[in-house]
Amino acid sequence: MSNGQHSEREVIVVGGGPVGLTAALLLADAGVRTTVVEKATAPGDLPRAISLQDESFRVFDQLGIADALKAESLLDTGSRYFGLGERLLAEARPVPSRLGHPAKTQFDQPILEQLLFDRALAHPGLEVLLGTEAVELSQDAQGVALAVETPEGRRILAADWLIGADGGRSFTRSALGIDLVGTTQPQRWIVIDLLNETTPRDPFAEFHCDGERPYVLVPGIKGRLRLEFMLFDHEDADEMTSPDMIRELMRPFRADLDPADVRRAAVYVAHQRVARSYRSGRAFLAGDAAHLMPPFAGQGLNAGIRDAANIAWKLIEAVRGGATDRLLDTYETERRAHGAKMMMLSRRIGAVVMATHPLATRLRDATVQVLRQAPPVHSYLAGMRFVTPPDYSDGLAVAPGPRTPALPGVTVGSAVSQPRVVPAAAAQPGDTAGRTSGKATGLDAVLGSGWAVIGLASDPGDLDPYFTALGATLVRLDGPGTPAGPGAGSGAAAGVEHVREEHETLTAGLPGTPVYVVVRPDRYVAAVFTPGEQDHVVRQLRTHLDDRVRRARQPIA
């Protein structure tokens, strides 16, 4: 199969689930001509993933669907772990998010899928091929060719790049010859999703590690409730999902179960596997195509959304011509390590929850009780600090130099915080300030959707032309104590957004010299530098993204 002539499309996304549509919309919003290939003809209507983190909401906010999803979600939730005799072993709630969204949320996947699906179909720059199955894939140095079966027959699609976000049974992964590394969890679980729940419940996912039949209870809003029960080896999956058995399992929670209130009852086996490689030439894997993990840490979909945000901006740069191969390789460097880490965390939590041996369960409960007496351990568990965010310092990030100031609010390789900001002064003639319209808003609204350089209490208007060649938004961010109003402070140069924090966050601990923060399109910090370090930072960034061959910014479709 030949790639043939150059295609009008630039990226093909195989898979129209949450991860695939997130990547496709990020690409299309940046003006990248994108096609989605999806076997189904409608969005998924089954509740699967149920937990979202702040970073996922940050991406959905960029796509304009965060508020609608929050209206249908249980926000700011935690977890409770019960041991033998229903004794509370631990209560955990994430530390307050610094990203501007709830740290942990219970959501409904069909609602998310519908929101993404509707926006994708309405997007003028996005082609969505439904009822279409990918059947053959090839690539060469110029691009990829994908054979698909459509309701009208076979077609050959050509593009510069391809993302395989087509789930655990990924066609893309198989076609690329990439295998999964890991194991399959021997224990099976039955998941039952209910409607019309009337019992008031605290905003906590409950893990009941009773040593007999472990189960998990996850409340939602508007009467939604999920229960999951571990099955034993002798139990038959079909029998356990029969109406009579479901009614029996639900009896302690709902004495009179209306069968119409059962949204789903299914038996699943969890895998703990990660793709050996996330990239093969011009094709990349994302979401369940790249990693499969048990549900106990709630990381599967969140890892997939991180994948989508990470690969999307790098392919945007590839389409614009400035991305080096080194930049594209950072997708695997940055995402595979963290995906594998979250897989192992899910596995370890599952081992605690699923223990049934009498000696093991008693030892587990006693160990947790002892560990909770140590303040550092208690803080670690209670704040859910074991769910660690990504660290991309080994990817596209310039290591701080010996003279780079250490700032408590900014870390190279980590997601930049999102404080609330207000305009620092009235807009002056020629300024671009005014996106915040005089109102407090999250910093993301000022940074825009591409690169950004933040001058912390300093003006970034005279930086190296490298940054403006990237189309970076230039922002001067003052501390909350800076006077507001016309002529306040030293102001900002024309073309620079000038805002100040409502509460000291990024501007905490500033030295006396100017400090600049380079923020990537996925909102991770690529570099922190002072004026004397600027040349070194530009040289390092240019090895990944060369402004000298990068095409001008394309208009948003």
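Here are some questions and answers about the structure above.

This is a predicted model, in which local features need pLDDT of at least 70, side-chain atom pairs count only at pLDDT 80 or more, and totals for chains, interfaces and linings use all residues. Residues are numbered from 1 along each chain as its sequence is written, and side-chain values use heavy atoms, with hydrogens and water left out.

User: Which helix gives the most to the largest nonpolar core?

Analyst: Happy to start there! A nonpolar core is a set of buried Ala, Val, Leu, Ile, Met, Phe, Trp, Tyr and Cys residues joined through side-chain atoms within 4.5 Å. The largest has 68 residues, and V11, L27, L146, I163 and L315 touch the most other members. Helices (H or I, at least four residues) and strands (E, at least two) are DSSP runs, numbered from the N terminus, and the helix that gives the most, with 10 residues, is α8 (residues 300-320).

User: Is V19 buried or exposed?

Analyst: V19 is found in helix α1 (residues 18-29). Leaving out residues up to four places away in sequence, V19 touches A165, A286, G287, L301, G304, I305 and A308, where contact means heavy atoms within 4.5 Å. Buried means under 20% relative accessible area, exposed over 50%, and partly exposed in between (1.4 Å probe, protein chains only). V19 has a relative accessible area of 11%, so V19 is buried.

User: What word describes how α2 lies to α8?

Analyst: E55, S56, V59 and F60 in α2 meet N302, I305, R306 and A309 in α8. The axes of α2 (residues 54-62) and α8 come within 9 Å and cross at roughly 45°; axes are lines fitted to C-alpha atoms, for helices over the stretch in contact, and angles run from 0 to 180 degrees between N-to-C directions. Angles under 35 degrees count as roughly parallel, over 145 as roughly antiparallel, 65 to 115 as roughly perpendicular and the rest as oblique. The angle therefore makes α2, relative to α8, oblique.

User: Which residue in β13 does Y81 stand opposite?

Analyst: Look at the open sheet of 8 strands, ordered β5-β4-β13-β14-β15-β12-β16-β19 with mixed pairing. Two strands pair if DSSP finds at least two bridges between them. Strand β4 (residues 78-82) pairs with β13 (residues 204-208) in the parallel sense over 5 bridges. Across from Y81 in β13 stands F207.
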